[in-house]
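Here are some exercises to work through with the sequence and the model side by side. Try each task yourself before you read its solution.

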Amino acid sequence: MPERDDTFKLVSNVIYNHLFGDFDLEQNDNNIDIVLDCIAKLHCDIVNIKNKKIKDLTLEIDIFKNQTNIVKMYGTAKSRIKNQLTYKLGQAMIANSKSIWGYIRMPYVLSYIKDIHKKEQIAYNEKIKANPNLKLPPLESYPNYKEALKEKECLTYKLGEAMIEADKSSLKLGYISLWFKCKNIQKECKKR
């Protein structure tokens, strides 16, 4: 780019001399050709930069359109996290842990949520078999994926994970330690 700096200085000197100084066109005929050549090159550079910026903006607009189309068609990543079984179970655990009556009915509520979720999953899988285009994209492709990751770290999701883990244990002995796990999870979430 040093050539450009030199030509820019030459062009600015010629223009300055023409406007404010004694400038003889016949004596500086060679410089005029250089100046016109430089102006033509600068014009080409400006056009190229403009076209590049237009392409970049068009690309950004296309990316934005794709992201908004994903949100329109499939919802947000956060809503998908909230629709997972772990989140639903954690939500029900929190809602029912506020009274003794809630603790008594909690097993029934949790099994009902699990059954409903299983039916929803079966219906979803049947729709996918009938039309594979309806398959939801991976969470990573959503524009608000990072917010969804934060949602996975919240108390509701962690409690649901603990519940599912307790349910998967052999002889369902995980339910014995579930209460202690829930207290530890609650303490960890309060610290954050």
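**Exercise 1: the largest pocket**

What volume does the largest pocket have? Work on the predicted model, and then describe the lining of the largest pocket.

Solution.
- Step 1. The volume of the largest pocket is about 600 Å³.
- Step 2. Its lining consists of 23 residues. Nearest the centre of the pocket lie M93, M106, M163, L178 and C182.
- Step 3. Two or more lining residues come from each of these elements: α4, α5 (100-130), α7 (155-168) and α8 (174-191).
- Step 4. Sorted by class, the lining of the largest pocket has 16 nonpolar, three polar and four charged residues.

**Exercise 2: the second largest pocket**

Which residues line the second largest pocket, and which element gives the largest share of its lining?

Solution.
- Step 1. Start with the volume: the second largest pocket has about 310 Å³.
- Step 2. The lining is made of R80, N83, Q84, L85, K88, H117, E120, Q121, Y124, L136 and L139.
- Step 3. Now assign them to elements. Both α4 and α5 give two or more residues to the lining of the second largest pocket, and the largest share, four residues, is that of α5.
- Step 4. The class count for this lining is four nonpolar, four polar and three charged residues.

**Exercise 3: a lysine in the pocket lining**

Is K88 buried or exposed? Place K88 in its helix and list what it touches.

Solution.
- Step 1. K88 belongs to helix α4, which covers residues 85-96.
- Step 2. The relative accessibility of K88 is 16%. Buried means under 20%, so K88 counts as buried.
- Step 3. Setting aside residues up to four places away in sequence, K88 touches K82, N83, I113, H117 and E120.
- Step 4. Compare this with the pocket: K88 is in the lining of the second largest pocket, and so are N83, H117 and E120.

**Exercise 4: a tyrosine in the same lining**

Where is Y124 placed, and which residues is Y124 in contact with once its neighbours within four places in sequence are left aside?

Solution.
- Step 1. Y124 sits in helix α5.
- Step 2. With a relative accessibility of 27%, Y124 counts as partly exposed.
- Step 3. Beyond those neighbours within four places in sequence, its contacts are L134, K135 and L136.
- Step 4. Take L134 for a distance check: Y124 and L134 are 10 residues apart in sequence, with 9.0 Å between their C-alpha atoms.
- Step 5. Y124 and L136 are also both found in the lining of the second largest pocket.

**Exercise 5: two helices that cross**

At what angle do the axes of α4 and α7 cross, and which residues make the contact?

Solution.
- Step 1. The axes of α4 and α7 come within 7 Å, and the crossing angle is roughly 100°.
- Step 2. Angles of 65 to 115 degrees count as roughly perpendicular, and therefore α4 and α7 are roughly perpendicular to each other.
- Step 3. From α4 the contact takes L85, T86, Y87, L89, G90, Q91, M93 and I94, and from α7 it takes L155, T156, Y157, L159, G160, E161, M163 and I164.
- Step 4. By class, this contact has 10 nonpolar, five polar and one charged residues.

**Exercise 6: two residues of α8**

Which residues is Y175 in contact with, leaving aside neighbours within four places in sequence, and how many residues apart along the chain are Q186 and L155?

Solution.
- Step 1. Y175 lies in helix α8, and Q186 is placed in helix α8 too.
- Step 2. Y175 counts as partly exposed at 36% relative accessibility; Q186, at 32%, also counts as partly exposed.
- Step 3. Y175 is in contact with M163, A166 and D167, its neighbours within four places in sequence left aside.
- Step 4. Y175 and I164 are 11 residues apart along the chain, and 9.8 Å separates their C-alpha atoms.
- Step 5. Q186 and L155 are 31 residues apart along the chain, with a C-alpha separation of 6.6 Å.

**Exercise 7: the whole chain**

How many helices and strands does the protein chain have?

Solution.
- Step 1. The secondary structure comes to eight helices and zero strands.
- Step 2. Of the 192 residues in the protein chain, 23% are buried.
- Step 3. Among contacts with a separation of 6 or more, 66% are between residues 24 or more positions apart.

Technical notes:
Residues are numbered from 1 along each chain as its sequence is written. This is a predicted model: local features need pLDDT of at least 70, side-chain atom pairs count only at pLDDT 80 or more; totals for chains, interfaces and linings use all residues. Side-chain values use heavy atoms; hydrogens and water are left out. Buried means under 20% relative accessible area, exposed over 50%, partly exposed in between (1.4 Å probe, protein chains only). Contact means heavy atoms within 4.5 Å. On a 1 Å grid over the protein atoms alone, a cavity is a set of points where a 1.4 Å probe fits but cannot get out, and a pocket is an open set with protein on both sides within 12 Å along at least five of seven lines; lining residues have an atom within 4 Å of a point. Grid points are joined across faces, edges and corners, and a volume is the space filled by probe spheres set on the points. Ala, Val, Leu, Ile, Met, Phe, Trp, Tyr, Cys and Pro count as nonpolar, Asp, Glu, Lys and Arg as charged, and the others, Gly among them, as polar. Axes are lines fitted to C-alpha atoms, for helices over the stretch in contact, and angles run from 0 to 180 degrees between N-to-C directions. Angles under 35 degrees count as roughly parallel, over 145 as roughly antiparallel, 65 to 115 as roughly perpendicular and the rest as oblique.
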